[in-house]
Amino acid sequence: MPGTAHSIELLEAEVRENCAALRARMAARKLTRHYDKALRPAGLKITQFTLLIAVAEGKVRSLTALADLLALERSSLVRNVKLLEDDGLIESAPSGEGRSLGLRLTKAGRKKLTQALPLWREAQSEVETSLGPNWPGVKKSLHQLIAKV
C-alpha cells in the first residue's frame, strides 16, 4: 500500500513522543537505577527499601493490602518479602485480623533502614534538584496518575 510505511513512521513517532505508559516506564527504569545505585552501600534496592518503609509504618495488615499500597503484583511482593525475610530484615507477625499475617521489621531491619535513609535522602535530593521548580508539579501529576488510572 502506498504511504503505509510513512504512516507507520508517523505513528511510531507519535507513540515515542506521547505515550504516557512508555514515558512513565522509561522514567521509572532510570529512577530505579538511580536509587539502586544510591542504596547499594546499604545492600538494598529501591524496591526493598520502599517495602521496608511500608512495613515499618505498621499500617498494612496483609500481603494483599501491602501489594495494593505499593501497586505491586502480589507475586513480585511475595518474592521481595521472601528476600527480606531470608536476610533477617522482616518477619511474619499476626495481623490481628483473623488468620491474616502481617509483617514487621526486625532489629536488623530497623538498623538497615537507619543506614539506608540518608542514602535515599541524597538520591531524592538529586532527583528534586534535577527537576528544579518542576518537581512540585511532577509530584502532583504522579499522585493523580496513581489515584486515577
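## Ala71 and its loop

Ala71 sits in the loop that links α4 (63–70) to α5 (74–86). Its phi is positive, about 55°, although Ala71 is not a glycine. The model is a predicted one. Is Ala71 buried or exposed? Ala71 has a relative accessible area of 68%. The cut-off for exposed is over 50%, so Ala71 counts as exposed.

## Overall fold

The protein chain holds 7 helices and 2 strands. In sequence order the pattern reads α-α-α-α-α-β-β-α-α. Five helix symbols thus come before the β-β pair, and α-α follows that pair.

How does the radius of gyration of the protein chain stand against that of a compact globule, and what is its value? The chain has 19 Å, whereas a compact globule of 149 residues would have a value near 15 Å. The C-alpha trace spans about 65 × 35 × 25 Å along its principal axes. Of the contacts with a separation of 6 or more, 47% join residues 24 or more positions apart.

## Surface and charge

Buried residues make up 24% of the 149 residues. The protein chain exposes about 10,700 Å². Carbon and sulfur atoms supply 58% of that area.

On the charged side chains, the count is 24 positive and 16 negative. The centres of these two sets lie 5 Å apart.

## Helix α3

Helix α3 covers residues 46–57, which is 12 residues. From first C-alpha to last it reaches 17 Å. That is close to the 16 Å expected at 1.5 Å a residue.

Which residues of α3 are buried? They are Ile46, Gln48, Phe49, Leu51, Leu52, Ala54 and Val55. Just after α3 comes Gly58, with a positive phi of about 70°. Ala71 also has a positive phi, of about 55°, but is not a glycine.

## Thr106, between strand and helix

Thr106 lies in the loop between β2 (101–105) and α6 (107–131). Its relative accessible area is 15%. Buried means under 20%, so Thr106 is buried.

What does Thr106 touch, leaving out residues up to four places away in sequence? The partners are Gly88, Leu89, Ile90 and Glu91.

## Ala123 in helix α6

Ala123 is placed in helix α6. The relative accessible area of Ala123 is 1%, so this residue is buried. Leaving out residues up to four places away in sequence, Ala123 touches His34, Tyr35 and Ala38. Helix α2 takes in residues 20–39.

Leu84 gives a longer reference distance for Ala123. The two are 39 residues apart along the chain, and their C-alpha atoms are separated by 22 Å.

## Met26 in helix α2

Met26 belongs to helix α2 (residues 20–39). Is Met26 buried, exposed or partly exposed? Its relative accessible area is 36%, so Met26 is partly exposed. The 36% falls between the under 20% cut-off for buried and the over 50% cut-off for exposed.

Met26 can be set against Ala116. The pair is 90 residues apart in sequence and 25 Å apart in space, C-alpha to C-alpha.

Key
Residues numbered from 1 in each chain as written. Predicted model: local features only at pLDDT ≥ 70, side-chain atom pairs only at ≥ 80, totals over all residues. Heavy atoms only, no water. Helix = DSSP H or I, 4+ residues; strand = E, 2+ residues; numbered from the N terminus. Expected span 1.5 Å × (residues − 1). Buried < 20%, exposed > 50% of the residue type's maximum accessible area, 1.4 Å probe, protein only. Rg over C-alpha atoms; globule rule 2.2 N^0.38 Å. Contact = heavy atoms within 4.5 Å. Areas by Shrake-Rupley, 256 points an atom, 1.4 Å probe, with all protein chains shown as cover. Lys, Arg positive; Asp, Glu negative; His and termini not counted. Charge placed at Lys NZ, Arg CZ, Asp CG, Glu CD.
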